[in-house]
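Open the model in your viewer, keep the sequence panel beside it, and follow the stops below in order. At each stop there is something to select and a short account of what you will find there.

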Amino acid sequence: MHEEEVRMSTTEVVGADEGTTDRWESIREMPPSAKLVAKVLDYNETLTQSQLAEETLLPPRTVRYALSRLEEADAVDSRFSFSDARKRLYTLNI
């Protein structure tokens with residue numbers, strides 16, 4: 001195998017296989033904390049802010065900032081929890 005073949009980026013591989021637009025494009029230029037929060041939501045469907053902080057090991061303030069950036073980009077949906085109206089549930093929207 002040639003060395004050039006091994007050095008393909010993830011974007012090149014995904015683009016070649018799918019031939020569609022990248023669903024992560026809207027968050028590609030966001031801070032690392034927003035990318036991490038989005039990835040955790042991708043694996044866990046719906047989480048509260050405190051659950052996100054626990055899963056990502058990020059401070060709650062950083063998670064709040066990441067969620068606000070993701071909401072501005074319409075990458076995350078939020079709704080009130082039925083079991084506790086003080087909490088919001090976040091779901092990835094991409």
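Begin with the whole protein shown as a surface: its accessible surface comes to about 6,900 Å², of which 51% belongs to carbon and sulfur atoms, the areas being calculated by the Shrake-Rupley method with a 1.4 Å probe and, for residues, with only the protein chains shown counting as cover. This is a predicted model, in which local features need pLDDT of at least 70 and side-chain atom pairs count only at pLDDT 80 or more, while totals for chains, interfaces and linings use all residues. Residues are numbered from 1 along each chain as its sequence is written, and side-chain values use heavy atoms, with hydrogens and water left out.

**Stop 1: the overall plan**

Switch to a cartoon view, where the secondary structure comes to five helices and three strands; here helices (H or I, at least four residues) and strands (E, at least two) are DSSP runs numbered from the N terminus. Following the chain along its sequence, you should meet the pattern α-α-α-β-α-α-β-β. Buried residues, meaning those under 20% relative accessible area (exposed is over 50%, and partly exposed lies in between, with a 1.4 Å probe and protein chains only), make up 28% of the 94 residues. Contact here means heavy atoms within 4.5 Å, and among contacts between residues at least 6 apart in sequence, 44% join residues at least 24 apart.

**Stop 2: helices α3 and α4**

Select residues 32-44, which form α3, and residues 49-56, which form α4; these two helices pack at an angle of about 105 degrees, with their axes 10 Å apart. Axes are lines fitted to C-alpha atoms, for helices over the stretch in contact, and angles run from 0 to 180 degrees between N-to-C directions. The angle makes α3 roughly perpendicular to α4, since angles of 65 to 115 degrees count as roughly perpendicular, those under 35 as roughly parallel, those over 145 as roughly antiparallel and the rest as oblique. Show side chains for Leu36, Val37, Val40, Leu41 and Asn44 of α3 and for Leu52, Glu55 and Thr56 of α4, which make the contact. By class, this contact has five nonpolar, two polar and one charged residues, where Ala, Val, Leu, Ile, Met, Phe, Trp, Tyr, Cys and Pro count as nonpolar, Asp, Glu, Lys and Arg as charged, and the others, Gly among them, as polar.

**Stop 3: helices α3 and α5**

Keep α3 selected and add α5, whose axis comes within 8 Å of that of α3 and crosses it at roughly 80 degrees, an angle that makes α3 roughly perpendicular to α5. Ser33, Ala34, Val37 and Ala38 of α3 meet Thr62, Ala66, Leu67 and Leu70 of α5 in this contact, which has six nonpolar, two polar and no charged residues.

**Stop 4: the core**

Which residues have the most contacts inside the largest nonpolar core? Select Ile27, Val37, Leu41, Leu52, Leu67, Leu70 and Val76, which have that place in a core of 20 residues; a nonpolar core is a set of buried Ala, Val, Leu, Ile, Met, Phe, Trp, Tyr and Cys residues joined through side-chain atoms within 4.5 Å. The elements that give two or more residues to this core are α3, α4, α5 (60-72) and β3 (88-92), and α3 gives the most, with five residues. In soluble globular proteins, nonpolar side chains tend to be buried together.

Now centre on Leu70, which lies in helix α5 and is buried, with a relative accessible area of 0%. Leaving aside residues up to four places away in sequence, Leu70 touches Ile27, Met30, Ala34, Val37, Ala38, Ala75 and Val76. The C-alpha atoms of Leu70 and Ala34 are separated by 6.6 Å, although the two are 36 residues apart along the chain.

**Stop 5: two loop residues**

Move to Trp24, in the loop between α2 (10-18) and α3, which counts as buried at 16% relative accessibility. Beyond residues up to four places away in sequence, Trp24 touches Ala38, Lys39, Asp42, Leu92 and Ile94.

Finish at Glu45, in the loop between α3 and β1 (46-48). Is Glu45 buried or exposed? At 62% relative accessibility, Glu45 counts as exposed, and Glu45 has a positive phi of about 50 degrees although it is not a glycine.
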